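Let's take a stroll through this model and stop at a few spots worth a look. Have the sequence and the 3D view open as you read.

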Amino acid sequence: MPDSLLRTSRSSVKPVLSVVICTYNRAPLLDRVLDSLCRQTLPLRDFEVVIINDGSIDDTEAVSASYASKLPLRYIYQRNAGLASAKNHGLFASRGDVVLFLDDDDIAGEALLEEHVKTHAAFPADNYAVLGYTALAQDISDNPLMHFITEVGCFLFSYPSLKHGDILDYTYFWGGRSSCKRSLLLEFGVFNPVFRFGAEDIELGYRLAKQGLRVVYNEHAVSHTIRKIDFDGFCHRLERQGASNYVFSQLHPEPEIQHWSEVADSERNWSMLGGHYRAIVKSARHLDSMANLKLASGLNLDEGMRNLLYRAYWAAFKACKIKGIMKKKAAFAMLTEHK
């Protein structure tokens, strides 16, 4: 984006809140996210949008430029370095007292920013962060996989057990839907750039917990995820998550992190699952395909079919995460041998 656009889109008034969006090759989705920020109940003078382009080769820059006259927006390009690095870049570039990390595939409800600001005003101490509620966009809400990973198995989000106003621990410091005081991060720690994807948020939350981090859940701070993930894409995501979980476990050997990361029992679980991994994933993929074909034909999934599908999803996704853990563990062992 030309420097002139950067200058004209930046207000001289310090904002209350900075929205940091880290993005990589999702220009069409980013367009919808930025459009949703144009309709916020929080006045434009009270927030800024900081876009960190993490090495995209699509139209991310052009999409960002198209909103320079509509939003108090700043656009920054960096060579691809991963999510944690991009978040840190956005943090250092932001000016608001509160920083909200918003995913590039989540559109903001009209009151999203106002609700985050209101909750921080009610909990002004630096150690309080805010978790908002992310739902599925209407056009993907009926997809059985998306429903399972958000409402049943909770592999993506884990909201069903939460109540509005809950005060939560660091394991709810979820990236893409959480905000915190900028001063807290600048004083006590930022994201560890070793994490290119996954666990960067909880690992930082764990370090901040030593400074008293608490997370307030506000169900009225609503966003909607608009990207449908297919079966193989989610399996790949969970392998990457498993790898990041292993790195997390090596940085923090405490028992609670070994448990949270699922590394503690990974060898035993893989000894039972590893020999059947391909069959487990193949079976779940087949059932997922059958379910989508039925729905595309206008047929409903009966309870028996849905329960069978969910059991298959559960087995496959747990196996994928454990596989990711074991692959990263093997890679670490190989590096150690060669030192």
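A pocket here is an open set of grid points where a 1.4 Å probe fits, with protein on both sides within 12 Å along at least five of seven lines, and its lining residues have an atom within 4 Å of a point. With that in hand, look at the second largest pocket, which is lined by Gln258, His259, Trp260, Glu262, Ala264, Asp265, Asn269, Leu273, Ala315, Lys318 and Ile322. Helix H10 (255-260), helix H11 (266-273) and helix H13 (303-337) each give two or more residues to that lining. The volume comes to about 200 Å³, and the lining is a mix of five nonpolar, three polar and three charged residues.

Before going on, a word on confidence. This is a predicted model, and the protein chain averages a pLDDT of 94, with 96% of the residues scoring at least 70. Residues 1-8 are another story: pLDDT stays under 50 there, and the model has eleven contacts beyond four places in sequence for them. Where pLDDT is low, the predicted coordinates shouldn't be read in detail.

Now for the aromatic rings. There are 21 aromatic pairs by the rule used here. Take Phe155 and Trp314: their ring centres sit 5.2 Å apart and their planes meet at 70 degrees, which is over the 60-degree cut-off, so the pair counts as edge-to-face. This pair links distant parts of the chain, 159 residues apart, with Phe155 in the loop between H6 and S7 and Trp314 in helix H13. Phe155 is buried, because its relative accessibility of 16% is under 20%. Trp314, at 41%, counts as partly exposed. Both belong to a cluster linked by ring pairs, along with Phe148, Phe231, Phe234, Tyr310, Tyr313 and Phe317.

Next, a bit of backbone. Most residues other than glycine have a negative phi. Which way does phi go in Cys154 and Ala199, positive or negative? The table has the answer.

| Residue | Phi | Where | Relative accessible area |
|---|---|---|---|
| Cys154 | near 55 degrees | loop between helix H6 (144-152) and strand S7 (167-168) | 24%, partly exposed |
| Ala199 | about 75 degrees | loop between helix H7 (182-188) and helix H8 (200-209) | 3%, buried |

So phi is positive in Cys154 and also in Ala199.

One last stop: is Thr60 buried or exposed? Thr60, found in helix H3 (residues 60-65), is buried at 0% relative accessibility. Beyond its neighbours within four places in sequence, Thr60 is in contact with Thr23, Asn25, Arg26, Ala27, Leu30, Asn53 and Tyr75.

Methods:
Residues numbered from 1 in each chain as written. Predicted model: local features only at pLDDT ≥ 70, side-chain atom pairs only at ≥ 80, totals over all residues. Heavy atoms only, no water. Helix = DSSP H or I, 4+ residues; strand = E, 2+ residues; numbered from the N terminus. Buried < 20%, exposed > 50% of the residue type's maximum accessible area, 1.4 Å probe, protein only. pLDDT = per-residue confidence, 0-100. Contact = heavy atoms within 4.5 Å. 1 Å grid on protein atoms, 1.4 Å probe; cavity = no way out; pocket = protein on both sides within 12 Å on 5 of 7 lines; lining within 4 Å. Points joined across faces, edges and corners; volume = space filled by probe spheres on them. Nonpolar A, V, L, I, M, F, W, Y, C, P; charged D, E, K, R; others polar. Phe/Tyr/Trp six-rings, centres within 6.5 Å; stacked < 30°, edge-to-face > 60°.
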